[in-house]
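Work through the following exercises with the sequence and the structure at hand. Each task is followed by a solution in steps.

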Amino acid sequence: MNEILEVLKKNKIDYKIIKHNRVYTMKEIQENQLEKEGLIPKNIFLRNANGKVHYLVTCSPDKKIDMKKLAFMLGSTHLSFASKERLKKYLKVEKGSVSPLGFLFDQKKEVIFVFDKSLTNKTIGVHPNQNDYTIFMKFHDLVELIEHHGNKVISIDL
């Protein structure tokens with residue numbers, strides 16, 4: 001987590017960090033009243049059919065993701081959830097702590113960040129790769145950080 005905080009400070013990104021109980025579900029996020037600080041998006045880590053392309057998809061928690069439609073929109077083969085081993089390998093994070101901040105650990109810049117356009121002007125809360133803290137920041141700052149890191153970013157209407 002300290003590495004992430006250093007990167008945020010180095011890039012002069014305004015943020016607020018909150019310590020809380022470990023959360024694994026949207027229900028637990030609501031119980032900890034984290035949504036009063038900003039939107040807590042849904043993050044899912046996907047892979048294509050042959051496992052050579054990986055996507056981290058971020059959207060509002062109420063959005064239903066149609067995997068066939070998403071694959072078509074991305075020009076991808078069949079999409080499925082990536083394993084916890086792949087999550088650890090590419091983003092250095094455990095299941096239950098998936099976060100766009102994991103891109104900072106994607107050394108080879110292999111994972112593609114896909115987000116719903118509706119998030120663009122929001123303040124969002126994301127885990128700093130551990131699920132007992134949440135960092136709130138402007139979504140556009142997060143996108144710029146990921147682009148600056150060198151990962152491909154795709155904005156779509158989910």
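**Exercise 1.** Which residues of helix 4 are exposed, and on which side of the helix?

Solution. Step 1: Glu 85 and Lys 89 are the exposed residues to find (exposed means over 50% relative accessible area, buried under 20%, partly exposed in between, with a 1.4 Å probe and protein chains only). The model is predicted: local features need pLDDT of at least 70, side-chain atom pairs count only at pLDDT 80 or more, while totals for chains, interfaces and linings use all residues. Residues are numbered from 1 along each chain as its sequence is written, and side-chain values use heavy atoms, leaving out hydrogens and water.

Step 2: Helix 4 covers residues 84-91, and in it Leu 87, Tyr 90 and Leu 91 are buried. These three lie on the same side of helix 4 because they cover an arc of only 85 degrees around the axis, the arc being that of the directions from the helix axis to the C-beta atoms. Glu 85 and Lys 89 are on the other side. Helices (H or I, at least four residues) and strands (E, at least two) are DSSP runs, numbered from the N terminus.

Step 3: The buried residues of helix 4 pack against strand 2 (42-47), strand 3 (54-59) and strand 5 (111-116); contact means heavy atoms within 4.5 Å. Just after helix 4, Lys 92 has a positive phi of about 60 degrees.

**Exercise 2.** In what order do the three strands of the open sheet lie, and what packs on the sheet?

Solution. Step 1: The order is 1-7-6, with antiparallel pairing (two strands pair if DSSP finds at least two bridges between them). Strand 1 (16-19) and strand 6 (123-126) are the edge strands, each pairing on one side only.

Step 2: Strand 6 is joined to strand 7 (residues 133-138) by four bridges. Across this pairing, Ile 124 stands opposite Met 137 in strand 7.

Step 3: Helix 5 (residues 139-149) packs on the sheet and touches strand 6 and strand 7; its direction makes about 95 degrees with that of strand 7. Axes are lines fitted to C-alpha atoms, for helices over the stretch in contact, and angles run from 0 to 180 degrees between N-to-C directions.

**Exercise 3.** How is the ring pair of Phe 103 and Phe 113 arranged?

Solution. Step 1: Rings of Phe, Tyr and Trp (its six-membered ring) pair if their centres lie within 6.5 Å; planes under 30 degrees apart count as stacked, over 60 as edge-to-face and the rest as tilted. By this rule there are four aromatic pairs.

Step 2: The centres of Phe 103 and Phe 113 are 5.4 Å apart and the planes are at 70 degrees, so the pair is edge-to-face.

Step 3: Both Phe 103 and Phe 113 are buried. Ring pairs link Phe 103, Phe 113, Phe 115 and Phe 139 into a cluster.
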